[in-house]
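Grab a pencil and let's work through some exercises on a protein model together. Try each task yourself before you read its solution.

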Amino acid sequence: GRAFPVFSRKTTVASSLAEVHVECHFVDDAAVSSADFDGLRTLAQAIRATAQLVDAPPNEMNVDALVEEACAVAQYLHLPDPLVIRGDELRERGFGGIYNVGKAALQPPAFVCLSYKPERAGKSFALVGKGIMFDTGGLSIKGKEAMPGWKCDMAGAATVLHSFATLVASGFTENLHVLLCLAENAVSPVANKPDDIITLLSGKTVEINNTDAEGRLVLADGVFYAKSVLKADTIIDIATLTTAQCNATGRHHAAIMSNSEEWERKARAAGLSSGDLCHPMQFVPDLHMPDYASAVADMKNSQMGAMMAAPSELAGLFIAAQIDFGEEGTNWLHVDMGTLAMAEDRATAYGVPLLTSLLGEYTEAPILAGKV
């Protein structure tokens, strides 16, 4: 009867759900197994917990609070304490994306990693979430009409955290990691400036030409860590990355990109099964990456001024570039839910059903993957 954690309100999700005895049947009168029912209940709790995090005001839901939430999830799942790297330690350890995006804020940025490693696991998955606790746009400021609502820019981190919790609680059989890239994109004398050059964890140098293109910088560190340190076979990142996503795939479908046709098909099927719809974008690094060319660094962080640019595709490719586009055998899937995390000023928890359905086949609750 334990409730899912929700930052400082760790017992607010109705644990009474666990005490309700219901016998469920499909239309063909086949009974739902107890594992399936538990999986669905856990998923419902995760959706509610995710929405609570995203709906919380940014003066409460800050970096400290989401680190606290991650620690509470680890305790809930009986896992070791998460790896937490914060502030100047990020800079010292090379996390140049997360550090430089968050260095201007009152609360220092953080990288958080939870790992679940069951016996006899043969595969390794990593879920990477963008956690921009509030996005002012930095010195490339959004302005008074565009800025309200950007508390939702941490929805990717909330989504992967509680998707991870759902999968682990449902008996995930493979290695599973969740990586939270947490920062507030604030304005101060030490904030990133256009024309600054920073170095990411991958070692690539980036010329900043738009401080409001910060999500790709924090995710760049996360996916590289997933590949180089965790040795994940499959890396899935999810983020409110671009408002241009709506132009690419509309307001009902997230935009996805992958270096694997198999994982692209799996994501589309998971979207249809879960109701979290998604649609593929082009994956053509050879044609699009030249738009990031810089005269003074390995790449720029935005394609400003490119008349025929594809902003959402380019944002995804920036992330993939940090892992060499998966050319060494890493499967990579990117989910841009830029305009799907909120609807009528409330969080949707988009992504939790999608990721749970996508990886549900590796749990003891096949209903999570749409298999009964």
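**Exercise 1. A strand and its partners**

How many of the six residues of strand β11 (residues 331–336) are buried, and what follows for the strand? Then find which strands pair with β11, and in which sense.

*Solution.* Keep in mind that this is a predicted model.

Step 1: Apply the cut-off for "buried", which is under 20% relative accessible area. Five of the six residues of β11 pass, so the strand is largely enclosed by the rest of the structure.

Step 2: Look at β7 (residues 234–239), which pairs with β11 in the parallel sense over six bridges. Within this pairing, Asp237 has His334 of β11 as its bridge partner.

Step 3: Turn to β8 (residues 254–258), which pairs with β11 in the antiparallel sense over four bridges. Here Ser258 stands opposite Leu333 of β11.

**Exercise 2. Checking the span of two helices**

Work out the span expected for helix α2 and for helix α5, then compare each value with the distance between the end C-alpha atoms.

*Solution.* Step 1: Use 1.5 Å a residue, multiplied by one less than the number of residues.

Step 2: For α2, with 14 residues, the expected span is 20 Å; the end C-alpha atoms are 20 Å apart, which agrees.

Step 3: For α5 (residues 155–169), the 15 residues should span 21 Å, and the end C-alpha atoms are indeed 21 Å apart.

**Exercise 3. The surroundings of the helices**

Describe what lies around α2 and at its two ends, then decide how enclosed α5 is.

*Solution.* Step 1: Count the buried residues of α2. Ten of the 14 are buried, so this helix is largely enclosed by the rest of the structure. Among them are Val63, Leu66, Val73 and Tyr76.

Step 2: List the packing partners. The buried residues of α2 pack against α1, β1, β2, β3, α5 and β4.

Step 3: Inspect the ends. At the start of α2, a side-chain oxygen of Asn62 reaches to within 3.3 Å of the backbone nitrogen of Asp64. Just after α2, His78 takes a positive phi of about 60°.

Step 4: Move on to α5. Here 14 of the 15 residues are buried, so α5 is largely enclosed too. Just after this helix, Gly171 has a positive phi of about 80°.

**Exercise 4. Two residues, two settings**

Are Gln75 and Ser294 buried or exposed?

*Solution.* Step 1: Place Gln75 in helix α2 (residues 63–76). Its relative accessible area is 61%. The cut-off for "exposed" is over 50%, so Gln75 is exposed. The C-alpha atoms of Gln75 and Ser140 are 39 Å apart, although 65 residues separate them along the chain.

Step 2: Place Ser294 in the loop between α9 (285–288) and β10 (299–300). With a relative accessible area of 18%, Ser294 is buried.

Step 3: Find the neighbours of Ser294. Its side chain reaches the backbone nitrogen of Ala297 at 3.1 Å. Leaving aside residues up to four places away in sequence, Ser294 touches Glu207, Met299 and Lys300.

**Exercise 5. Confidence**

What is the average pLDDT, and where does pLDDT stay under 50?

*Solution.* Step 1: The protein averages a pLDDT of 91, and 91% of the residues score at least 70.

Step 2: Over residues 8–23, pLDDT stays under 50; the model has 29 contacts beyond four places in sequence for this stretch.

How values were computed. Residues are numbered from 1 along each chain as its sequence is written. Side-chain values use heavy atoms; hydrogens and water are left out. Buried means under 20% relative accessible area, exposed over 50%, partly exposed in between (1.4 Å probe, protein chains only). A polar contact is a pair of N or O atoms within 3.5 Å; within protein, one must be able to donate a hydrogen and the other to accept it, and residues adjacent in sequence count only if both atoms are side-chain atoms. Contact means heavy atoms within 4.5 Å. pLDDT is the predictor's confidence in each residue, from 0 to 100. Two strands pair if DSSP finds at least two bridges between them.
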